[in-house]
Amino acid sequence: MINKEIEFEIDELMQTKISNPIRNVFDIIALLLETIKYMLWQSPLPSEKGKLKIVVGKMNRIFYVLENKIFSITMPFFTKLMENGNVLIYDHAIAFDSKNIAIISSVFYKISKNPDNSVILSDIEQFLRDENLDEDVFTVLSGVIVKLLSTEYGYLRYDDDKEHEEAEMHPRYHLDINCANNCTYKLGLKKAIDYNWLRDCLDNEKPCKIINI
C-alpha cells in the first residue's frame, strides 16, 4: 500500500493544543480527538507556520510539525480525502462528525476526573448512558472508546532544544520515545533532522535507519 499525505495549516489555537505536554495515553487521546475535529472543519492547506500531516496507508500516522519539534502518533481510524476537498474520518461502523466527537470527548473528560485515570467497562457504559443515545449508537461508540483505550500509539518526539542542552544528559537534538514517566527514554542525535527523516524512520517500507554506536 502506497502512503499518501494530507497536510493542514495549523492556526494559533491548534498550535497551543499541540504544545501541551503529553504524559500519558489520556493526553494522547485528548489531542487525537482535537485533531480529528480540526481536520473535519479545516481544508487541507500547506503552511509555513506549522504543519499537521496525516500519512495515510500502511503507516497511518499523524505528524505534528512545529519549528523546533516534530512528534507523531498512530492514527487508529481511516482517513480519506474527498473530491470536494473535505476529509472523511471513519471506523468500520461510524463516520466521525462534531456530535459523536463531542460525546466521546465528554466520556474521556469524565474518565479524567478519576484521581488515577482508572477506567473500567462499566464506567464507560454509564458515561455513555448519560448521553441518552439510541442503542445502536451506544454500541458503536462503546467500541470506539474501547479501541481508543487499547491502541498502541507509538509516541515519538524529536526536539531541537538548545535552551536546555546539557551534554550527554540532554543533547540539543534528541528523540523522546514513549510518553509515560515509567517507560520513556531519550536517544541523542549528532545533528538536526527534519520531517522527512522522521517519517521515513517510522515507515516500514523504507530502509531502516542505523544507529552508529
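Student: Where is Asn-60 in this chain?
Tutor: In this predicted model, Asn-60 sits in the loop that runs between strand β2, residues 51-56, and strand β3, residues 61-65.

Student: What is its phi like, positive or negative?
Tutor: Asn-60 has a positive phi of about 55°, even though the residue is not a glycine. As background, most residues other than glycine have a negative phi.

Student: And is Asn-60 buried or exposed?
Tutor: Asn-60 has a relative accessible area of 13%, and because buried means under 20%, Asn-60 counts as buried.

Student: Which other residue that is not a glycine has a positive phi?
Tutor: Asn-178 is one of them, with a positive phi of about 70°. Asn-178 lies in the loop between β9 and β10, the latter covering residues 185-188, and with a relative accessible area of 25% Asn-178 is partly exposed.

Student: What about Thr-184, where is that one found?
Tutor: Thr-184 is found in the loop between β9 and β10, and its relative accessibility of 34% makes it partly exposed.

Student: Which residues does Thr-184 touch, if I leave out the ones up to four places away in sequence?
Tutor: Leaving those out, Thr-184 touches Ile-177, Asn-178 and Cys-179, so the Asn-178 we just discussed, in the loop between β9 and β10, is among its contacts.

Student: And how many Å separate the C-alpha atoms of Thr-184 and Tyr-155?
Tutor: Those two C-alpha atoms are separated by 9.7 Å, while the residues are 29 residues apart along the chain.

Student: Changing topic to the strands: why is β8 described as largely enclosed by the rest of the structure?
Tutor: Strand β8 covers residues 156-160, and 5 of its 5 residues are buried, which is why it is described as largely enclosed by the rest of the structure.

Student: Which residues are on which side of β8?
Tutor: On one side are Leu-156, Tyr-158 and Asp-160, and on the other are Arg-157 and Asp-159, with both faces covered and all of these residues buried. In general, the side chains of a regular strand alternate between the two faces of the sheet.

Student: How many bridges join β4 to β8?
Tutor: Strand β4, residues 69-74, is joined to β8 by 4 bridges, and the two strands run antiparallel. Within that pairing, Phe-71 stands opposite Arg-157 of β8.

Student: And how many bridges are there between β8 and β9?
Tutor: Strand β9, residues 173-177, pairs with β8 over 5 bridges, in the antiparallel sense. For a specific pair to look at, Tyr-158 has Leu-175 in β9 as its bridge partner.

Student: What is the order of strands in the open sheet of 3 strands?
Tutor: The order of that open sheet is β5-β6-β7, and the pairing is antiparallel. Its edge strands are β5, residues 78-81, and β7, residues 94-95, each of which pairs on one side only.

Student: How many bridges link β5 and β6, and what sits between them?
Tutor: Strand β6 covers residues 87-91 and pairs with β5 over 4 bridges in the antiparallel sense. The two strands form a hairpin with 5 residues between them, and in the turn Gly-85 has a positive phi of about 95°.

Student: Which residues in β6 are the bridge partners of Phe-78 and Thr-79?
Tutor: The bridge partner of Phe-78 is Tyr-90, and the bridge partner of Thr-79 is Ile-89.

Student: Now a helix: where is Ser-122 found, and how far is its C-alpha atom from that of Met-59?
Tutor: Ser-122 is found in helix α4, residues 121-129, and at 41% relative accessibility it counts as partly exposed. The C-alpha atoms of Ser-122 and Met-59 are separated by 33 Å, with their places 63 residues apart along the chain counted as the distance apart.

Student: Zooming out, how many helices and strands does the chain have?
Tutor: The protein chain has 6 helices and 10 strands, and its C-alpha atoms fill a box of roughly 55 × 45 × 35 Å, taken along the principal axes.

Student: What radius of gyration does the chain have, and what would a compact globule have?
Tutor: A compact globule with 213 residues would have a radius of gyration near 17 Å, and the protein chain has 18 Å, which agrees. Buried residues make up 41% of the 213 residues.

Technical notes
Residues are numbered from 1 along each chain as its sequence is written. This is a predicted model: local features need pLDDT of at least 70, side-chain atom pairs count only at pLDDT 80 or more; totals for chains, interfaces and linings use all residues. Side-chain values use heavy atoms; hydrogens and water are left out. The radius of gyration is taken over C-alpha atoms; the globule rule is 2.2 Å times the number of residues to the power 0.38. Buried means under 20% relative accessible area, exposed over 50%, partly exposed in between (1.4 Å probe, protein chains only). Two strands pair if DSSP finds at least two bridges between them. Contact means heavy atoms within 4.5 Å.
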